[in-house]
Amino acid sequence: MTSQCNRSLTDEALYLRRRDFLRLSAKKAAMLGAAGTFMSSAPAIWAAEQLACDSTISLDHDDLTPYKSATRYNNFYEFSPDKKAVSILAQELTTSPWEIEVSGLVEKPIKLSIDGLNPLGTVDRTYHLRCVEGWSMVLPWTGVPLCRLIEKVQPKKDAKFVKFSSIYRPKEMISQRRPIMDWPYVEGLRLDEANHPLTLLAVGMYGKTIPKQNGAPVRLVVPWKYGFKSIKTIQKIEFVSEQPETSWMRLAPSEYGFYANVNPSVAHPRWSQRKEVRIGEVKKRRTRPFNGYEEQVAHLYKGMDLEKNF
Ligand SMILES: Nc1nc2c(c(=O)[nH]1)N[C@H]1C(S)=C(S)[C@@H](COP(=O)(O)O)O[C@H]1N2
Ligand SMILES: [Mo]
């Protein structure tokens, strides 16, 4: 990470330290006229066609981010809002044994250990990761396509969304002792997004067990969405009928929407999203729609207003 990047980027967490944040964001939301429209869980438009879970996917990618950068510059607020402190603090987390609960509107709820995921079949995928703050990395993951787990639990008809919760363990996650966010960290996807074969439950990175600072023992990777959707240290996966309220929407509804698809033409109130800095580089690159995965995922959003559904 060059010092230039550090100066030019403002973190996601900046306002966590700003006491007047709530007042500000309410005003901003009113100015933008955004309040109220995007929060509705009115039925979103659903993709007519769905890619089969076992579709073969071939993807291009840029050169990998060096392992050292990928594992020492992390967003993981349970440990610290300071990206450079996370890799050390995260070593406190006990990741074994670990149980993931898969429940809610499914025919076959289960509890799984991490080893219990492997029989579902793992794949190796290198994805671009684009943080809403304007930086990006290229990371090689090993994981189970989430659709394989979804097949196993058999969602009921009224399951429309999937809600993911990280672990709550303030004894080991030092920043959870402070109410900077509502713990645990919560994220969500529409069921068809969750079922898209690109959506991965990652257990490995760079051919090794996933490091704690990157979300061990299991995290989500949704490469066409801003990084905050890719929730780390998952403990619970619930199938629900209504759009779940995610941690970031709750904290700053005018800044973070439910969809959070990478979109260079929709600015975040604090960051234009047109360009990004690849970690390790200085010159900015253009940000691509859906982070470069337009061909694979654009059909999911056909007919939707992506400015409203940001
Ligand atoms: N539980 C949890 N998951 C999280 C976060 C977090 O703070 N807590 N940060 C998100 C954000 S903002 C980003 S950009 C990515 C960063 O992933 P990385 O550290 O592996 O690059 O993780 C996401 N997943
Ligand atoms: Mo992020």
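This report looks at the ligand, the cavities and pockets, and the disulfide of a predicted model.

A few ground rules come with the model. Local features need pLDDT of at least 70, side-chain atom pairs count only at pLDDT 80 or more, and totals for chains, interfaces and linings use all residues. Residues are numbered from 1 along each chain as its sequence is written, chains are lettered from A and ligands numbered from 1 in the order in which they are written, and side-chain values use heavy atoms, with hydrogens and water left out.

**Empty space**

Rolling a probe the size of a water molecule over the atoms shows where empty space is left. On a 1 Å grid over the protein atoms alone, a cavity is a set of points where a 1.4 Å probe fits but cannot get out, while a pocket is an open set with protein on both sides within 12 Å along at least five of seven lines; lining residues have an atom within 4 Å of a point. Searching the whole structure this way turns up 3 cavities of 30 Å³ or more. The largest cavity holds about 310 Å³ of space, and volume here is the space filled by probe spheres set on points joined across faces, edges and corners. Its lining has 23 residues, with Asn 75, Arg 219, Gly 227, Ser 230 and Lys 232 nearest the centre.

The second largest pocket has a volume of about 250 Å³. Among its 15 lining residues, Thr 95, Ile 114, Asp 115, Thr 209 and Pro 217 lie nearest its centre.

**The ligand**

So what sits in the largest cavity? That's ligand 1, by the rule that more than half of its atoms lie within 2 Å of the grid points. There are 18 residues around ligand 1, and Tyr 77, Glu 78, Arg 219, Ser 230 and Lys 232 come nearest (a heavy atom within 4 Å counts as near). Here are its polar contacts with three residues (N or O atoms within 3.5 Å):

| Ligand 1 atom | Protein partner | Distance |
|---|---|---|
| nitrogen | Asn 75, polar backbone atom | 3.2 Å |
| oxygen | Tyr 77, polar backbone atom | 2.7 Å |
| nitrogen | Ser 166, polar side-chain atom | 3.0 Å |

Taken alone, ligand 1 exposes 530 Å², and the protein buries 100% of that (Shrake-Rupley method, 1.4 Å probe).

**The disulfide**

Cys 53 and Cys 147 are joined by a disulfide, S to S 2.1 Å (the cut-off is sulfur atoms within 2.5 Å). The torsion about their S-S bond is about 75°, so the disulfide is right-handed.

Notes. A polar contact is a pair of N or O atoms within 3.5 Å; within protein, one must be able to donate a hydrogen and the other to accept it, and residues adjacent in sequence count only if both atoms are side-chain atoms.
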